[in-house]
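Visitor: I would like to go through the empty spaces and the packing of this model. Could we begin with what is meant by a pocket?

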Amino acid sequence: MTDTPVTRPMSAAELETVLTWAAEEGWNPGLADTRAFHAADPEGFFLTLVNDDPVAAISVVNHDEGHAFLGLYLCHPDWRGRGIGYATWTHALAHAGTRTVGLDGVPEQEDNYRKSGFIRTGASLRHEGRLPPQTSAAIRPATAEDRPALMALDAQATGHARPRFLTAWLSGDGQTRETRVLQSGGDIAGFATWRACGTGTKIGPVIAPDTDAALTLIADIAAQRPDGPLIVDVPEANTALRRALEQEGFTIPFSTARMYRGPAPETGPALQAIATMELG
């Protein structure tokens, strides 16, 4: 037996365990996040073990040739303060190569992230509340045939492509996850994905041409998901949607610092809400 930590890629089953850790930390992951997360980059989820016991985790998911996103940075409480978390961080960052790496980090850790070359570009603000439910004839469930158009809209909004992530993220069973499509004049104008969580329903991404369209998508999901809070992570710069949600009684339980190591992608005006603080 040795106390030397070993860091390696984690399996989907191990990711399920890590998401349980995240739930215990109050992160409220989706009930079916494991498959969608792991499919985004099966080699991008890392686990550190001591004597075969998992003690720390992190993800650095490579979305395309130029962009990656860091998340799920966790160290078991019994192993904190021993340098294991930082060693796991360093090991995982190498997976990104020369890509720009983004993260949504707790503000009190900004100085530590800055030491690794990350620069704050804004924030992601969690909004929790309810909109009055309102169905719309312009909104329908997404189909597999919609996927290329949805991926194109997402790339325009986020500033980069993430095909593997979206292939899994946009697929749903209607019970734990579903993507709703907004049509205008026969074309797809926007979309939003909801996913059931331990508490409430998270909605993201929300890709829409304007605030009214974003609210229409969120109100439609309120009708699909009548129980529990709706949770929407809105970029700090999107003051219009933030104001609209707050006027409807949404609260902001916390925010994260959006930071990048390398040139930040140029987001478009259709990015109303991010998909997830773990994968961007």
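Guide: A pocket is an open set of grid points with protein on both sides within 12 Å along at least five of seven lines. Its volume is the space filled by probe spheres set on those points. Please note that the model is a predicted one.

Visitor: With that in hand, what is the volume of the second largest pocket?

Guide: The second largest pocket has a volume of about 510 Å³. Of the 28 residues in its lining, Pro235, Arg258, Tyr260, Thr267 and Leu271 are the closest to its centre.

Visitor: Which elements supply at least two residues of that lining?

Guide: They are β4, β5, β6 (119–129) and β12 (255–261). The largest share comes from β6, with 4 residues.

Visitor: And how many residues of each class line the second largest pocket?

Guide: Its lining has 12 nonpolar, 13 polar and 3 charged residues.

Visitor: Now the largest pocket: how much space lies in it?

Guide: The largest pocket holds about 910 Å³ of space. It is lined by 32 residues, and those nearest its centre are Trp27, Tyr73, Val106, Gln109 and Tyr113. Two or more lining residues come from each of β4, α3 (84–93), β5 (100–105) and α4 (110–115).

Visitor: Which element gives the largest share there?

Guide: That is β4, with 6 residues in the lining of the largest pocket. By class, this lining has 14 nonpolar, 10 polar and 8 charged residues.

Visitor: Let us turn to closed spaces. How many cavities of 30 Å³ or more are there?

Guide: The count is 1 cavity of 30 Å³ or more. The largest cavity has a volume of about 30 Å³, and its lining consists of Arg126, Lys202, Ile203, Ile231, Val232, Asp233, Ile274 and Ala275. The elements that give two or more residues to this lining are β10 (201–207) and β11 (230–235).

Visitor: Which of the elements gives the most to it, and what is the lining like by class?

Guide: β11 gives the most, with 3 residues. The lining of the largest cavity has 5 nonpolar, no polar and 3 charged residues.

Visitor: On to packing. Which members of the largest nonpolar core touch the most other members?

Guide: In this core of 30 residues, they are Leu15, Val18 and Phe37. The elements that give two or more residues to the core are α1 (12–24), α2 (33–40), β2 (45–50), β3 (53–62), β4 (67–75), α5 (147–158) and α6 (163–169). The most come from α1, which gives 5 residues.

Visitor: What is Phe37 in contact with, leaving aside its neighbours within four places in sequence?

Guide: Phe37 is in contact with Leu15, Leu19, Phe45, Leu72, Trp169, Arg195, Thr276, Glu278 and Leu279. Apart from the largest core lies another, of 25 residues, among them Ile203, Ala213, Ile221 and Phe250. Ile203 also appears in the lining of the largest cavity.

Visitor: One last topic: how many disulfides does a search of the whole structure find?

Guide: The search finds 0 disulfides.

Visitor: And Cys75 and Cys197, are they buried or exposed?

Guide: Cys75 has a relative accessibility of 13%, so this residue counts as buried, the cut-off being under 20%. Cys197 is buried as well, with a relative accessible area of 6%.

Note on methods
Residues are numbered from 1 along each chain as its sequence is written. This is a predicted model: local features need pLDDT of at least 70, side-chain atom pairs count only at pLDDT 80 or more; totals for chains, interfaces and linings use all residues. Side-chain values use heavy atoms; hydrogens and water are left out. On a 1 Å grid over the protein atoms alone, a cavity is a set of points where a 1.4 Å probe fits but cannot get out, and a pocket is an open set with protein on both sides within 12 Å along at least five of seven lines; lining residues have an atom within 4 Å of a point. Ala, Val, Leu, Ile, Met, Phe, Trp, Tyr, Cys and Pro count as nonpolar, Asp, Glu, Lys and Arg as charged, and the others, Gly among them, as polar. A disulfide is a pair of cysteine sulfur atoms within 2.5 Å. Buried means under 20% relative accessible area, exposed over 50%, partly exposed in between (1.4 Å probe, protein chains only). A nonpolar core is a set of buried Ala, Val, Leu, Ile, Met, Phe, Trp, Tyr and Cys residues joined through side-chain atoms within 4.5 Å. Contact means heavy atoms within 4.5 Å.
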